Structures are given as structure tokens and as C-alpha cells.
Amino acid sequence: MNQPSESVVERFLRYVRVDTQSREDATTTPSTDSQWTLSRGLVEELRSLGAQTVRISDHCMIYATIPSNLPAGAEAPALGLLAHVDTSPAVSGAGVTPIVHRDYRGGDITLPGDPTQVITVAQNPALSDMIGDDIITTDGTTLLGSDDKAGVATIMTLVDILARNPTIPHGPIQIGFTADEEIGTGIDKFDVESFGARFAYTVDGGPLGEISDETWSARLATIAIRGKNTHPGTAKGVMVNSMYALADFLLRLPQDMLPETTEDRVGFVHPYAGIADVEESSIKVLLRDFELDGLAAKERLLRDIVAEVERRHAGISIRIDIKENYKNMKEVLKHHPELTRNALEAARRAGLEPFMLPIRGGTDGSKLTFRGLPCPNIFTGGHNFHSKLEFNSRRGLEKTTETLLHLVQIFAE
Ligand SMILES: [Zn+2]
């Protein structure tokens, strides 16, 4: 096989140096101008690698096609591959300085830019299987952005390899690079019809071999608590401080139903941001469950707590507003078992031992699946997303690329 013009590791190191952090509460898509920089570069790169109909939308969504090279008469369904260019708003993505720890010999990895940041074997047992690999971290002052530049780099390298190896058989492949995945809004601007794929995969997962066809079903509750403010010097019998009702609400949430006390298939409620003020306090709460019944029960629970708090605090009125974020894609993907089967087979052909893991989160795929584009998620080799301790490795990137290469061939068989 002819090697790509640039290795997946070099590509990855180049992409992570470009700041593409997205921002919560922005009113535009993309939420940050910086995402344009990497995306415009990707458009040029796709064109130079021979991709067809390469275009970028006003909302920074990239679409491109690798035409089928199957003999006339042989047909394969159009297969989509997706990754997102933005990185999490949670940790800075500016000035990322990737460090390649060549030929890892075991032990904890201290990050030189901030020695309090240590990737420990105790918290990352996967490290014990990575002896001899080249581990890629940051200097400890930013996130790495493997989520999801590993997805972007592996897909780009696949395009590169296919261009240099025209005898590798594949059907039509649609490439999509999206913006603002981390804030959950970008995908609404993605044009599924113009993308033109029958099925797709997001390449946006974790450790090697991890394949997911399940995400949370997710809702967001916004609770607004209204009291009454006045000058504290003359407040007696007049002031109603909404903060006490907020505190009461928080303390009534079941302690065994929080992200910090649950794992695996158990859902949670998660108060994650709010404002405390005398006149009005508000809090946003995430509701998460794999089952729609479980999610409905959590919604009832919140409404009951709100009613109880309102009853117990004289002069307080509370508004609760709950909206749907996304649904578990399994509800649709259970009707397309071949998608996970093919991904598992592709990973096996790449020499991995694949496994299914439900995502305690959402992906662009969860929304796309319900918009008619069934879309499971494939690993990228990444660990510790949204953190200064994020890492990937040479093998992680190479094996993900290899898996994608097998996947496009399996769909052509
Ligand atoms: Zn991601």
C-alpha cells in the first residue's frame, strides 16, 4: 500500500495547534470565528487530495465526496464519515503545545507546563497497554483537542490513502466536518439532504475498539425562582430572598442520582450553572437517562421538588421549563444492526478487540439519526476528553485510520 502524503500523527499535531474552541451562549453558528481558520484549511486540503464537490456553508459546515471506484454495475450505498472541528468550551484550546512522549516506558506522565497536571497509571489503566507507543499529550496548560481533531485527522488521512491507492475498492464516501458540536447547536445547521449519505459514522469516540450505538436521552430544565428585593435596612417583613429557595431545591435532589454518584447505565440529574440573587435566582439542570421512561420519571421528580419548595417558601414563585435536547439513537439504530456489525468487523480487521459502550453523553449522531441519517459512533483512540490530561497516541490514530479503511471496503463488499 502507498503511504499517505502526510502521516496521521503529523496531521493531528498540525490541527491541534489551531484554536477552535466553541463558546456557550453565542447567538451565531459557528460560535467562534476561530473555527473558520481550521475549516477553511481543511477545504483547501480536501481539494488538494482530490476530493470532489468540496464546499463550506455559511455556518462553517464542510461537505465533500470521494466518488465510488467500483466497476460499472457494482453498487454500494453512500457512506458518511463525520467529525467535528471545535473543542470543548470547558478548557482553553488556545496555544495548544502537543508533546509526543516517544516509546513510552510506563509510569505516570507529568506535564511540563504545569507539573500539578499528572496523567497517572492509577487513574488511566489503559496506559499499561501502551508500552512502546508514542503518547501525545499537551504541556498541561490546555486541553489537547483530540476530541475531535483525532476524528478529523483520521478521516483526512483516509482520504489521502484512498487518493494514493486507487485499487482499494470503495463505494461513494461523503465527508462531513461540523462546527459547534461541543455546545450541541452546530448540527442543527448541517444539511443532511445535501450531505447525501445513506448511513454515517461519527468518528468521535474514546479508546481503541469502543463503538457506540446508544446515547443518553437528554432534557434540560431551567428553574427560575422569583422573590422580592428591597433595601436591607428596611427589609423586615418585605424582603423575600430567592436564594434560600434555590438552596432548598438543590439539597432536595437525591444524592444517589448525580453524575458524581452514578455510572454505566444509570442516569442522573445535574445542576450545572445558575445565578443566585435576592430578587431572582435560576438554575439549569441536565436530565439524562438511556430509557425514555427513566427520563420522564426524572422530569416528574424535578416538578414535584419545585412544587414542594414553592409551597414551603412564602412569597416565592417558581417557574420550571423543560425542553428536549436529544434522544437515545438506539431507538432508530436497532433497526440497522448492520451498521454496528460492520464497524465491529472493521475494527477486528485492524487487529483490535472491539466492544460496544453506551455513551454517557450525546453526539452529533444522536440528532442526525433522528433526522434520517442513522449514525453510530466510532473510537478515535482518545482519553480524558475536555481536560488538560487529554491524550491520544500514534497507535490510537493509526489504528483508527486503519479501521476506517477497512470500513469503507466492507461497505463495498
Ligand atoms: Zn467530540
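A salt bridge here is a side-chain nitrogen of Lys or Arg within 4 Å of a carboxyl oxygen of Asp or Glu. Keep that in mind for the views below, which come from a predicted model.

**View 1. The two domains of the protein chain.** Domain 1 is built from two stretches, 8–214 and 328–412, while domain 2 covers 217–323. Measuring between C-alpha centres puts domain 1 and domain 2 36 Å apart.

**View 2. Where domain 1 meets domain 2.** On the domain 1 side, seven residues make contact with ten residues of domain 2. Together the two domains bury about 670 Å², and carbon and sulfur atoms account for 41% of that area. Seven residue pairs, with both partners at pLDDT 80 or more, are in polar contact across this interface. Sorted by class, the face of domain 1 that touches domain 2 holds four charged, two nonpolar and one polar residue.

**View 3. A salt bridge in close-up.** Between domain 1 and domain 2 the count is one salt bridge. Have a look at Arg 265 and Glu 214: these residues form a salt bridge, with 2.9 Å between the closest N and O atoms.

**View 4. The zinc site.** His 84 coordinates the zinc ion through NE2, Asp 147 donates an OD atom, and Asp 204 appears twice with OD donors, at distances of 1.9 to 2.6 Å. Along the sequence, the donor residues follow the spacing H-x62-D-x56-D. The angles among the four donor atoms run from 52 to 145°, and the site is classed as irregular, because four donors count as tetrahedral only if all angles lie between 85 and 135 degrees.

Methods. Residues are numbered from 1 along each chain as its sequence is written. This is a predicted model: local features need pLDDT of at least 70, side-chain atom pairs count only at pLDDT 80 or more; totals for chains, interfaces and linings use all residues. Side-chain values use heavy atoms; hydrogens and water are left out. Domain bounds come from an automatic or database domain assignment. Contact means heavy atoms within 4.5 Å. Buried area is the accessible area (1.4 Å probe) that two parts lose on being put together, summed over both. A polar contact is a pair of N or O atoms within 3.5 Å; within protein, one must be able to donate a hydrogen and the other to accept it, and residues adjacent in sequence count only if both atoms are side-chain atoms. Ala, Val, Leu, Ile, Met, Phe, Trp, Tyr, Cys and Pro count as nonpolar, Asp, Glu, Lys and Arg as charged, and the others, Gly among them, as polar. Donors are N, O and S atoms within 2.8 Å of the metal (3.2 Å for Na, K and Ca); water is not among the atoms, so sites may look incomplete. Four donors count as tetrahedral if all angles lie between 85 and 135 degrees; four count as square planar and six as octahedral if opposite donors are over 155 degrees apart and all others between 65 and 115; anything else is irregular.
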